[in-house]
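Trainee: I would like to learn how to read the aromatic rings in a structure that is new to me. Could you take me through them step by step?

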Amino acid sequence: MTVRTRFAPSPTGFLHIGGLRTALFCWLYARRQAGRFILRIEDTDLERSTDAAIQQILDGLEWAGLDHDEGPFYQTKRFDRYKQVIEELLAKGSAYRCYCTKDELEQLRAEQIARGEKPRYDGRWRDRSDSRPGVAPVVRFKNPLAGEVVVDDVVHGRVVFQNTELDDLIIARSDGTPTYNFCVVVDDMDMEITHVIRGDDHLNNTPRQLNMLLALGRKPPIYAHLPMILGSDGAKLSKRHGAVSVLQYRDEGFLPEAVLNYLVRLGWSHGDQEIFSIEEMVRLFDIADVNKSASAFNAEKLIWLNQQHMMRAPVARMIALLRWHLDREGVAARDDAQLEQIVLAQRERAKTVKEMALNSLFFFRAPAAFDEKAVRKHVTGDILVLLGEVSTDLGRLPSWSAPEIHDLISGFAAAKGITLGKLAQPIRLAVCGGTVSPPIDATLAILGKEESLSRLSKARVLWGA
């Protein structure tokens, strides 16, 4: 048997962190089992589904590297197939047309609530064959009236539902359009899905879907319902916790492998290991090892993992990511050698690639202003004189490299009887505009000789030298 999993988002909003974890678990299981990962867009909600949301889902999965083997399939393009199966169920007596009006159903609901009963359709058209002129009927699935539905869930274990708790589900609306729960059944059947891995908010849909599959004479897939992701405060995950668009994590400078590493640990573990490469996840992940307890989203842990992956990523990859973020800041950085130096100097000083880019803008733009408080603290008349002298010495360096710059500045400070910091900070202010940068020798080396000396000269003039 070839394992076939599917990720089936509804394009009624953006792809968020919970949806991405579901996609990841489906993708990992399919990859580990040498199976197939199918992408399906469940867009039957015609009023709320949008093309923009579909594109955002596709872009988010592409950014994360969760490539699909088949699809994307769109439910709105399969309506003829759904109608065919509905007719099949009607013909074999497993479905029926219900001509109840909206007013009748509202009255039924009100009466049941008044009696303290659970509101549900009472099956009044279940065994009727007549019709009601002028009323467009819905089609309902004829759910078994007795017995139980057993879901042998990989994550939750044996879950039992009583058929008496399930009413006859509408599978086609009065306008003929099929409903979500029915479309899912037909899709899983036609696409030969072997493992349905999805959030446990879908667990209550499963008994209805199982009954429909059995009525169609099909073997149900294996189900695995994933635990919820909660906010750090135990509440349902929301935007304030991090349930934002997946692409927002890209824009904020997170590496996709770091985000996936974080998500795989929400409900799954491999000993005490915290940091996983994509290859390790594929090799080690098993859906049977997923814990059924809800997991809490921890933004600080995600940031820590991102920094770890930044430090481990190949330099060439970091160069490409840094260039992308610099482009977004209006900086066209095309010198790979310079970007490599920046990556090596900044990768342990930044938690995200966006932070690295923002902290590196001074390499491409001379400071338009200086930290006035720092100038008052670090720049005195004596220091201005020394800045002039050290600039002259730097200008005589035959080779502009970090080691030679370090030796010159250190030797100069020692000869003048001052600490290295007394000299390095005003130099840093002059070339960066502030007091935070990589080590001053690396900073000047990356800036280049001409640019460094030019900035030093301009700063001295502004400071009154």
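**Reading the aromatic rings**

Mentor: Keep in mind from the start that this is a predicted model. Begin with burial, where both phenylalanine 25 and phenylalanine 285 turn out to be buried.

Trainee: How many aromatic pairs are there?

Mentor: Two rings are taken as a pair if their centres lie within 6.5 Å, and by this rule the count comes to nine aromatic pairs. One of them joins phenylalanine 25 to phenylalanine 285, with 4.9 Å from centre to centre and 50° between the planes, which is a tilted arrangement.

Trainee: Which parts of the chain does that pair tie together?

Mentor: Phenylalanine 25 belongs to helix H1 (residues 17-32), while phenylalanine 285 lies in the loop between helix H9 (278-284) and strand E12 (295-296), so the pair ties together parts that are 260 residues apart in sequence.

Trainee: How do the rings of tryptophan 268 and phenylalanine 285 lie to each other?

Mentor: Their centres are 5.6 Å apart and their planes meet at 50°, so this pair is tilted. It links distant parts of the chain, since tryptophan 268 is in the loop between helix H8 (256-264) and H9 and phenylalanine 285 in the loop between H9 and E12, 17 residues apart. Tryptophan 268 is buried, as is phenylalanine 285.

Trainee: Which residues do ring pairs link into a cluster?

Mentor: Phe25, Trp268, Phe276 and Phe285 are linked in this way.

Trainee: Where does the charged end of arginine 21 sit?

Mentor: It sits over the ring of phenylalanine 25, 5.6 Å from the ring's centre. Likewise, the charged end of arginine 140 sits over the ring of tyrosine 121, 3.6 Å from its centre.

Note on methods. Residues are numbered from 1 along each chain as its sequence is written. This is a predicted model: local features need pLDDT of at least 70, side-chain atom pairs count only at pLDDT 80 or more; totals for chains, interfaces and linings use all residues. Side-chain values use heavy atoms; hydrogens and water are left out. Rings of Phe, Tyr and Trp (its six-membered ring) pair if their centres lie within 6.5 Å; planes under 30 degrees apart count as stacked, over 60 as edge-to-face and the rest as tilted. Helices (H or I, at least four residues) and strands (E, at least two) are DSSP runs, numbered from the N terminus. Buried means under 20% relative accessible area, exposed over 50%, partly exposed in between (1.4 Å probe, protein chains only). A charge sits over a ring if NZ of Lys or CZ of Arg is within 6 Å of the ring centre and within 35 degrees of the ring normal.
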